[in-house]
Number of protein chains: 2
Amino acid sequence: MSPLDLPLGPGGEFDLIRAIAERLGPKGRHLGDDCALISVDGATLVLSTDMSIEGAHFQTGWLSDEEIGWRSAMGALSDLAAAGAECLGLLAAVSVPHQAQRDRVVAVMDGVGQAVAACGGAVLGGDLTAAPVWALAITVIGRASRPASRHGARPGDGLWVTGQLGGARAALAAWQDGREPAAGLRQAFARPAARIAAGQWLVQAGARAMMDLSDGLAGDAHHLANASGVALDVNLDVLPVAEGVAEEGARLGRAAVELAAEGGEDYELLAALPETFGASEAASFQSAVGLPITRVGDVRAGAGVVLHRAGATVELHGFDHFR
Amino acid sequence: MSPLDLPLGPGGEFDLIRAIAERLGPKGRHLGDDCALISVDGATLVLSTDMSIEGAHFQTGWLSDEEIGWRSAMGALSDLAAAGAECLGLLAAVSVPHQAQRDRVVAVMDGVGQAVAACGGAVLGGDLTAAPVWALAITVIGRASRPASRHGARPGDGLWVTGQLGGARAALAAWQDGREPAAGLRQAFARPAARIAAGQWLVQAGARAMMDLSDGLAGDAHHLANASGVALDVNLDVLPVAEGVAEEGARLGRAAVELAAEGGEDYELLAALPETFGASEAASFQSAVGLPITRVGDVRAGAGVVLHRAGATVELHGFDHFR
């Protein structure tokens, strides 16, 4: 695809990516996708990079140093899951405040190492630099025979999500309210898991389009719809909501499904699967991968995303750094 | 090599890398090398990541936005040159201060795109995030049939450097003194070139060990000596010094060769070449690559680096973020 006609979704971040792609012309390729693809002697390598910065992505007071490393790495590894790729490893560029103790850097990298090892890879390299704030830029490298992307959903496909949503968002709400989140919610935020095995299984099962829910279903669904050139109907009433989200929602005066739809960073997968994928395939998925998978909507001809709740349509938004 | 017995040089940054490698154990591989190597179906991919942060690596007042992008990208691309790799492309994770205009982000990425295109690659992907400071994490991807590294220099080899040294350091001295550097010095700092063609040529010519001079010859020579398990004699009297460095040195009361030996970020290559590489091979290099190459020392059995100047030995240091 030419970078000049990227079918990106709305939002400040995507406007900016579009402006960059226009300026770069042929000097840029695949901009706006979750992953870069490189073909080397028959193999397709899948690469993605993600930056996490203190103050923007995490507060050092909420998480242990090991958790900061784990979470930053898993956020990047999740892009490999979205491509249905196996994980080869990652590179970590870390900036460390001048006054930080060395033990803290080692603990952050320990968390990064645990995360990539849990996905079957290793830390292959990195860069250390002293700077005013903590920043981790994680670049992941994977391999896929048929990498999935946001493109390819077709009218008639079912729209599915893995796991349960809203846990990370609810944990954030608790911290922002000055409370320690419940253990399960805290785990969802501090120790997310990239759905590597799930992504590979779903590609094998014929997934037409896939992405990870890093900015929340309400926002990310638009990106999949735009990339695939289709419309999506999402039924919020059936969203799989993580335990404990309802309680945090009640404190905010919000329904649990709203938090589940808006909350990013659960790193579950959103997949468009052929209509033939049904309850029995979902049971096979759960038995193979150990996660539930839930049909949350439909793909149809057209454009845009309609969120349905209790018979009406609702407006919700995902997270956008540049809104 | 086991990450537990990395033959790294001295210095705070390398102490920290060693501590990380020890903690990671088998979860880390090749830590401390310039590049990560991944073998895929017979091809060897070469990857490296580099973080540049406002205030630590550049001041936005000194450089245009395009130059910030160019320089950050070339610093990372230089690691591909050191491996003798061809350039496939790069991924750029960029954090942007909230108040920055969008045009500035596009200009930075334009510089990144120009740099990678000059090396024969393209921008393959990235990540944009809002954060308190400008930060660019560039991950480069290349390919080499026989990648060079810091390991492999042997007693009897000659030690050579490409191009001319000290220009970037002298530009920095001018800015720090509140003056605009001379055009050639400014160019060396703002528009360095990764020596991709030179690196490939030198691997073909039998280079035993190679690295890029990102932290200055006086410091980087230690890394090559330690990685290869050899001693190096460097003759500062013959260092190829860039035009204009002597003038800046005089203002600081320093000899030009001292600035050339201490100054990082010229991104020239340091190579150990077999004794058979001599004046006629150097002339072939210059004619093929368009750069001079100068023999600046010898590899011998032992450990450590001795810097010779006017018949005496001198002590100089390269740059270390964590000293």
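**Figure 1. A salt bridge joins A:Asp233 and A:Arg300 in this predicted model.** The two side chains meet with N and O 2.5 Å apart. The pair links distant parts of the chain. A:Asp233 sits in strand E8 of chain A, residues 231-235. A:Arg300 belongs to strand E10 of chain A, residues 293-300. The two residues are 67 residues apart. Over all chains, the structure holds 34 salt bridges.

**Figure 2. Chain A and chain B meet in an interface that buries about 5,500 Å².** Carbon and sulfur atoms account for 69% of that area. Chain A puts 65 residues in contact with 65 residues of chain B.

**Figure 3. A salt bridge between the chains pairs B:Arg23 with A:Asp110.** The closest N and O atoms lie 3.0 Å apart. Two salt bridges are counted between chain A and chain B. Nine residue pairs are in polar contact across the interface, with both residues at pLDDT 80 or more.

**Figure 4. Helices and strands of chain A supply the side that touches chain B.** Elements giving two or more residues include helix H1 (12-24) and helix H3 (102-118) of chain A. The strands that do so are E1 (36-40), E2 (43-53), E3 (86-96), E4 (122-130) and E5 (135-144) of chain A. By class, this side of chain A has 39 nonpolar, 14 polar and 12 charged residues.

**Figure 5. Helices H2 and H5 of chain A cross at roughly 60°.** H2(A) covers residues 65-82, and H5(A) covers residues 183-190. Their axes come within 9 Å. The crossing angle makes H2(A) oblique to H5(A). Which residues make the contact? H2(A) brings A:Glu67, A:Trp70 and A:Arg71. H5(A) answers with A:Arg186, A:Phe189 and A:Ala190. The contact divides into three nonpolar, no polar and three charged residues.

**Figure 6. In chain B, helix H2 packs against helix H5 through B:Glu67, B:Trp70 and B:Arg71.** On H5(B), the partners are B:Arg186, B:Phe189 and B:Ala190. Three residues of this contact are nonpolar, none is polar and three are charged. H2(B) spans residues 65-82, and H5(B) spans residues 183-190. The axes of these chain B helices come within 9 Å and cross at roughly 60°. H2(B) is therefore oblique to H5(B).

Note on methods. Residues are numbered from 1 along each chain as its sequence is written. Chains are lettered from A and ligands numbered from 1 in the order in which they are written. This is a predicted model: local features need pLDDT of at least 70, side-chain atom pairs count only at pLDDT 80 or more; totals for chains, interfaces and linings use all residues. Side-chain values use heavy atoms; hydrogens and water are left out. Axes are lines fitted to C-alpha atoms, for helices over the stretch in contact, and angles run from 0 to 180 degrees between N-to-C directions. Helices (H or I, at least four residues) and strands (E, at least two) are DSSP runs, numbered from the N terminus. Angles under 35 degrees count as roughly parallel, over 145 as roughly antiparallel, 65 to 115 as roughly perpendicular and the rest as oblique. Contact means heavy atoms within 4.5 Å. Ala, Val, Leu, Ile, Met, Phe, Trp, Tyr, Cys and Pro count as nonpolar, Asp, Glu, Lys and Arg as charged, and the others, Gly among them, as polar. Buried area is the accessible area (1.4 Å probe) that two parts lose on being put together, summed over both. A salt bridge is a side-chain nitrogen of Lys or Arg within 4 Å of a carboxyl oxygen of Asp or Glu. A polar contact is a pair of N or O atoms within 3.5 Å; within protein, one must be able to donate a hydrogen and the other to accept it, and residues adjacent in sequence count only if both atoms are side-chain atoms.
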